[in-house]
Amino acid sequence: MSKQFQFKLVLLGESAVGKSSLVLRFVKDQFDDYRESTIGAAFLTQTVTLEDQTSVKFEIWDTAGQERYKSLAPMYYRNANCAVVVYDITQAASLEKARSWIRELQRQADPSIVIALCGNKLDLAARRQVTEEEAKKYAEEEGLMWGETSAKTGEGVSEIFTAIAKKLPLTAPPSARGAGRPGPSSRTGVDLTKQANAEQASLLPPVKRSRFHNATITVLPGVLSRHSLAIPSVVPFAYLPRTSLVVYLSFTFF
Amino acid sequence: MQVIVLGTGLTECILSGLLSVEGKKVLHMDRNDYYGGDSASLNLTQLYRKFRPDQSPVAELGRDRDYALDLIPKFIIASGELTRILVHTDVTRYLEFKQIAGSFVYRDGRISKVPSTEMEAVRSPLMGLFEKRRAKKFFEFLQSWRDDDPATHQGIDLDKDTMKDIYEKFGLEPGTQDFIGHAMALYLDDDYKTKTAREAYERIILYTSSMARYGKSPYIYPLYGLGELPQSFARLSAIYGGTYMLDKPIDEIVTDADGQFTGVRSGGETVKAKQVIGDPSYFGAGESADGGKVRVIEEGKVVRAICILKHTIPGTDDSDSVQIIIPQNQVGRRNDIYIAMVSSTHNVCAKDVYIAIVSTIVETDRPEQEIIPGLQLLGPIYDKFVSVSSLYTPTANGVSDNIFITRSYDATSHFETVVEEVQDVWKRVMGGKELVLKKREVEVEA
Ligand SMILES: Nc1nc2c(ncn2[C@@H]2O[C@H](COP(=O)(O)OP(=O)(O)OP(=O)(O)O)[C@@H](O)[C@H]2O)c(=O)[nH]1
Ligand SMILES: [Mg+2]
């Protein structure tokens, strides 16, 4: 059986450095010269399959512009397994911004987070303001991964994500594994699916089943986990059928 | 800008998320440098800044980043309206939930678990044997009720008869009435007894369906604290184009000669918009209002004590999270006292620390004394942060001046009234249109 992992990846960096463009290139292999500032689909997933058949699914969070006025919610990078901090090689100031994001992550994010520093717009190398040496040296000092990319030509894009995919399963601590997203395509710390089933068992002793033989018990398995909660078409999310009330009430005051 | 939203409390964030999804251009501002307003969860540094500005947190409590302390104690009732909104907006993808392990009720000097399994019910000391039989008849009546089938009505009319009438018909003891009305229907006082029974019926159904949903208690709770809720809806808003600005002092609500809203001034800048929505603190609550106009009034006060414990609450079987309700009659009050406790299981504090919030509606001029029956149940309290907050309500509905002010967070134990408020404000802001939740897909799967 090949291993499967799932990780939360967040993008950070100054506005217009190309965060969304990098994601678009990585996920859909497209580029758009006149991209609007991020709106809409800011929740994307992409799976990378490594040579040993390990598959790593990235759940990619784009900032949705909330960083623009220093208003990025801590929720954004909480629990992130990896962060791609992007700067624009033609804008020296954008590296400064990247440094401040990295400091913030080191202070607030999970200590095991994998951080990749990414210099984008490599196709505009003629207008380069940030040298490779400078960025690389900084990355080494801080223990970050580093690479240069062009979302426009695609150069370096899959390389940087693949490098992260290779590094993550090795570095994600056991706590993040159990409590975090990984494991075979489950994403939550607590296996709420199991918990709900266990509860079902205790709510439904066999004796009772015969007494209320025509009452269907609806304990929605796993409904607490983020994924299943998010699929109302499968789990009709209205109040529970009355039958389960019957069971609860009758159990309670028998 | 079409709408400016002031304050990033849960009510405002849900509204701003839904309005952005609807296609409105929303600018959302907060004077604080954190999300959540009154419904924020704070780390220790933020908590001290708020309650004890001249002190810094004790090192013994551990790392700052491990703390997310709710200011308002509430849980999410599993089958309630907030859960529905979370699901329909897909905001669930930003959150993880855990159950609250148990719900307890105080009776005759001790606490007992609200039964959630057959075994617990059989053993429950909450009622004697004969009373259990009477209660069973009462619950069977509720469970079999069908509006369209008079045969199930047993001569009762939920829309005419009061709860008192129904309790009497089934011969239920006062203690059982306390249990049903306060621990299940979650009424804070006894006024419901003299009102028609429909609402109480619906509340009991909500409670039991929520209980049946996951088993242990009717409540779920987001990892990292309630403050995650407003942040998630803020993200929804941002994804749909909402603009966010924190740490923005709001200096003036600008109106024209007719008192109509025109914009909001922050420092030297004025942003113009058609409508403004905001929490009472932006509209003169506690201070003198703009131009002497009273936009919000106080309708009561709530006292809340955030208590840091180093142990679980005695008598709760070491539960990592609980709700305890002390019905008012049990302690000679008009309003119930609530205890809500969460812990490191919910990623809101360091390991082996437990956070209990004791709260009640203030009835006297010595609010701290009023919560003593709750505090006494906690065992030794390591530290305690007490606040008394006013509950504000707007004086106008905003329809004539485009100023829509939300209400303060009340003393109920869950978010159902918050959702009612969202629906109500939505309708007024949208010129009478009801809030209809449409499911949208925001994920792009490669
Ligand atoms: N030449 C070139 N242009 C790029 C590259 N990546 C992005 N751009 C352009 O840079 C602009 C900004 O790109 P976005 O991807 O929207 O940047 P962002 O970081 O997501 O910006 P915000 O969403 O505002 O934070 C767009 O006009 C892109 O077309 C690149 O590699 N090369
Ligand atoms: Mg973008």
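This passage walks through a predicted model of a complex, starting with confidence and moving on to chain A, the empty spaces and two residues of chain B.

For the complex as a whole, the predictor reports an ipTM of 0.79 and a pTM of 0.87. Chain by chain, the picture looks like this. Chain B has a mean pLDDT of 93, with 96% of its residues at 70 or more. There is still a weak spot in chain B: the pLDDT falls below 50 over residues 442–446, a stretch that has 19 contacts in the model beyond near neighbours in sequence. Chain A averages a pLDDT of 72, and 63% of its residues score at least 70. Over residues 174–247 of chain A the pLDDT stays under 50, although the model has 150 contacts for this stretch beyond four places in sequence. Where pLDDT is low, the coordinates of a prediction are not something to read in detail.

Next comes the make-up of chain A. Chain A contains 10 helices and six strands. It has 254 residues, and 54% of them count as buried. Take the contacts in chain A between residues at least 6 apart in sequence: 69% of these join residues at least 24 apart. As for the outside, the accessible surface of chain A adds up to about 11,400 Å², with 53% of that belonging to carbon and sulfur atoms.

Now for the empty spaces. Counting those of 30 Å³ or more, there are 11 cavities. The second largest cavity has a volume of about 90 Å³. Its lining is made up of 13 residues, and the closest to the centre are Asp70(B), Tyr221(B), Ala340(B), Val342(B) and Ile357(B). Three elements of chain B give two or more residues each to this lining, namely β4 (69–70), β17 (337–343) and β18 (354–361). Of these, β17(B) gives the most, with three residues. Sorted by class, the lining of this cavity has 11 nonpolar residues, two charged ones and no polar ones.

The second largest pocket holds about 1,200 Å³ of space. It is lined by 44 residues, and those closest to its centre are Arg203(B), Asp410(B), Thr412(B), Thr417(B) and Glu420(B). In chain B, α8 (198–214), β15 (296–309), β19 (383–394) and α12 (416–429) each supply at least two residues of the lining. The classes here come out as 19 nonpolar, nine polar and 16 charged residues.

Finally, two residues of chain B deserve a look of their own. Phe75(B) sits in the loop between β4 and β5 (76–77) of chain B. Phe75(B) counts as buried because its relative accessibility is 3%, and the cut-off for buried is under 20%. Leaving out neighbours within four places in sequence, the contacts of Phe75(B) include Ile100(B), Tyr219(B), Val322(B) and Phe415(B). Tyr221(B), Ala340(B) and Val342(B) are also among the contacts of Phe75(B), and these three appear in the list of residues closest to the centre of the second largest cavity. Another partner is Ser413(B); along the chain Phe75(B) and Ser413(B) are 338 residues apart, yet their C-alpha atoms are separated by 6.2 Å.

Ile372(B) belongs to helix α11 (residues 372–375) of chain B. With a relative accessible area of 33%, Ile372(B) is partly exposed, since that class runs between 20% and 50%. Ile372(B) and Gly300(B) are 72 residues apart in sequence, and 20 Å lies between their C-alpha atoms.

Conventions. Residues numbered from 1 in each chain as written. Chains lettered and ligands numbered in written order. Predicted model: local features only at pLDDT ≥ 70, side-chain atom pairs only at ≥ 80, totals over all residues. Heavy atoms only, no water. 1 Å grid on protein atoms, 1.4 Å probe; cavity = no way out; pocket = protein on both sides within 12 Å on 5 of 7 lines; lining within 4 Å. Points joined across faces, edges and corners; volume = space filled by probe spheres on them. Helix = DSSP H or I, 4+ residues; strand = E, 2+ residues; numbered from the N terminus. Nonpolar A, V, L, I, M, F, W, Y, C, P; charged D, E, K, R; others polar. Buried < 20%, exposed > 50% of the residue type's maximum accessible area, 1.4 Å probe, protein only. Contact = heavy atoms within 4.5 Å. Areas by Shrake-Rupley, 256 points an atom, 1.4 Å probe, with all protein chains shown as cover. pLDDT = per-residue confidence, 0-100.
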